[in-house]
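I opened this notebook to record what I looked up in the structure. The entries follow in the order in which I made them.

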Amino acid sequence: MIRFSHVTKTYPRTGTAVDDVSLHVARGEFVFFTGPSGAGKTTLLKMVYLDERPTTGEVRVSGTSSRIARGRDVATLRRKLGIVFQDFRLLENRTAEQNVAFALEVTGASPSAIPSKVARVLAEVGLAGKGTAYPPELSGGEQQRVAIARALVNDPFVLIADEPTGNLDERATRGIFQLLREINAGGTAVLMATHNLELIRRQEFRTVEMDRGAVVFDSAEGSNGPAAKAP
Amino acid sequence: MPRTLRDALITFQRSPLLSALSIVTIAFSLFAFGLFGLVALNIRDVLNRLEERVEIRAFVAEGTEPEAMAVAAGDVARYPEVQRAMLVTQEQALARAQRELGEFRDVFEGATLPASIDVQLKPGFRDPAAVRRVAARIRAFTFIDDVRYGEDWIEKLYALRNVAGVAGIALGLTFACVSMIIIGTTIRMAVLARAREIAIMRLVGATDDFIRRPFLLEGIIKGVLGGLLALLMTYVARALINTYLIQTVFFDRRVALLGLLFGAMLGFMGSAISVGRHLRRV
C-alpha cells in the first residue's frame, strides 16, 4: 500500500533528512515512527502525502508514484489520506462542524450530504454536541479530535498522525490514542510519529525507529540498519 | 449560494477593513486612469471637431455654365469618400465672405468672388492621403481653376492626432499596469491573510483551481466596486472642472460600462497573478 524504495531526501542547506530508507506499510497496519528530534520522521511522513519529494528513490502510495505525480494527482491522493498534526491546524474562525465540512467541500461533495456526514464523524470522535464550538472554545484534546474528524470524514485508507499527542496532557493523550486504535480497528492504516516511548512500549504495534535519517530498527523485521547491527 | 461566491463574500465579512482598503486603493488607481481617460476623451473630441472642418474647396473658372457646375457637384457627391458636395455660386460666395468678415465687410463692396464646389468628406476619409486623392479627382474637371484644402493644416492635425493616439496608448498601458500591480498587492495581502487556510485546503486535497476560484471572484468584485467608486470620483471631478474651468465631455454609458469591465479584468488579473505566485511558492 505504501512503499519506500531507497528513499533519500537531502536539503541544500541542512543536509540529509532521510537516508536510503526502504520499507513497506501494509493495508490496515498501525506503525509507530519514533526517534529523536531531527531523525527524519516528519520528512518521511511528508513524503507519504507528497508534501516533500525524495531526492533519490521512490515513494509509492496506493499506486501514486512520487516520481510522476503532478498537482492534480497529489490533490487526488490527499483526498484518500487523513492527516493530523501536533498543532491541530484548525481554522479558528470556523466552528468544529465547519472545519470538518471544509475537508468535504474541497472534494466537491454534494452540499446536501455534508451535514449528516459531519455529524456522524464528530459523534465517532466523541464530539457530538460540540459541533458549533469554535476551536478556541475547545480543550487541546477536543481540538485534536476535531482534526481527527476532519481527517476521517473522507474515509481515508490511511491516517497520518505527526506527533498528534505532543501538545496534550496524559489523559488527553490516552483518549486520542484510544481513538486512533479504534480507527485502526475499523481497517484504516495509521502511521504515527511520536516521541512518547511509554505509549509505544504498552502497545504491540509495529515500531520503526529512526536516527539521523536512517531506519535503525523495524520491529516488523526484527532489526534493520546500523544501530541494530551495533553490539 | 455557490461555494465560490460564498467564500469570496465571506472575505468581505471577515476582514471588512482590509477589503475596504483594497477597494479604495483600486478606486484611486482607476480614478487616475479615469482622469487620464477623460483628458484623452476631450482631446479626441476637440480633434474630431477640428476634423469635421476638413473641407475641399474647388474654385470654378469664370464663365462656366451653371448646369455643368451642378452636374459636377452631383458627380462629386457620389464619390465614396464624400459626405456632401455643395455648389456655391458667385453671389453666395460673396455673401458668405461678407458674413464671415463682419465689420470689415466693406472691403468686398463691388468685388467678384469665384463660384466653388465645397466638399465635405465622410469620417474615415479625412486623412491627408484621402483628401489629396479626392482633390486630384476634382481637379480633373476642365472647368476647375484651383482646388484648396489646407494641406499643411491637415498634415499637422493628423500628426497631432497620431501623437495623441500613441501617447494615449502608452500612458493608458502604464496606468493599467500600475493599477494591476496595486490591485495585485492588495489581493496579495488578502492571500497572505488566508495563507493558513490555503495550506490546510491543500492538505485535505483541494486542487489549485479550487483554491484559486474564490480569490479570482474576490478580485473581480473588488475591481467592479473600485471601478464604480472611481467612476463616481471621475464624475465629481469632471463636474468641478465644468463648474470652475472649462466645459468637458464625459464618458457615455458604453464607455462607463467598459471601464467597469476593465476594473473587473484588472481585479481578475491582479488576483490570478498574486494567488498563482503564492500557490507556486507554498
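Which residue just after α1(A) takes a positive phi? I looked this up and found L50(A), with a phi of about 55°. I note at the outset that I am working from a predicted model.

**Entry: helix α1 of chain A**

I then turned to the helix itself, which spans residues 41-48 of chain A. I found six of its eight residues buried, so the helix is largely enclosed by the rest of the structure. I listed the buried residues as K41(A), T43(A), L44(A), L45(A), M47(A) and V48(A).

**Entry: E142(A)**

I located E142(A) in helix α5 of chain A, which covers residues 140-152. Is E142(A) buried or exposed? I found a relative accessibility of 18%. I count E142(A) as buried because this value falls under the 20% cut-off. I also looked up what E142(A) touches: with neighbours within four places in sequence left aside, E142(A) is in contact with L127(A) and K130(A).

**Entry: domains of chain B**

I checked how chain B is divided and found two entries in the domain assignment. Domain 1 takes in 3-49 + 158-281, and domain 2 takes in 55-148. For the centres of these two domains of chain B, taken over C-alpha atoms, I noted a separation of 51 Å.

**Entry: extent of the interface**

How many residues does each chain bring to the contact? I recorded 15 residues from chain B and 18 residues from chain A. The area buried between the two chains is about 1,600 Å², and I noted that carbon and sulfur atoms give 58% of this area. I found that I200(B), L203(B) and V204(B) supply 37% of the area that chain B buries against chain A, which is more than any other three residues supply.

**Entry: polar features and make-up of the interface**

I looked for charged pairs and found two salt bridges across the interface of chain B and chain A. In one salt bridge the side chains of R72(A) and D209(B) meet, at 3.8 Å from N to O. I also recorded four residue pairs in polar contact across this interface. Which elements give two or more residues to the side of chain B that touches chain A? I found α1 (3-14), α7 (195-203) and α8 (208-244) of chain B. The largest share, six residues, comes from α7(B). By class, I noted six nonpolar, two polar and seven charged residues on the side of chain B that touches chain A.

Technical notes:
Residues are numbered from 1 along each chain as its sequence is written. Chains are lettered from A and ligands numbered from 1 in the order in which they are written. This is a predicted model: local features need pLDDT of at least 70, side-chain atom pairs count only at pLDDT 80 or more; totals for chains, interfaces and linings use all residues. Side-chain values use heavy atoms; hydrogens and water are left out. Contact means heavy atoms within 4.5 Å. Buried area is the accessible area (1.4 Å probe) that two parts lose on being put together, summed over both. A salt bridge is a side-chain nitrogen of Lys or Arg within 4 Å of a carboxyl oxygen of Asp or Glu. A polar contact is a pair of N or O atoms within 3.5 Å; within protein, one must be able to donate a hydrogen and the other to accept it, and residues adjacent in sequence count only if both atoms are side-chain atoms. Helices (H or I, at least four residues) and strands (E, at least two) are DSSP runs, numbered from the N terminus. Ala, Val, Leu, Ile, Met, Phe, Trp, Tyr, Cys and Pro count as nonpolar, Asp, Glu, Lys and Arg as charged, and the others, Gly among them, as polar. Buried means under 20% relative accessible area, exposed over 50%, partly exposed in between (1.4 Å probe, protein chains only).
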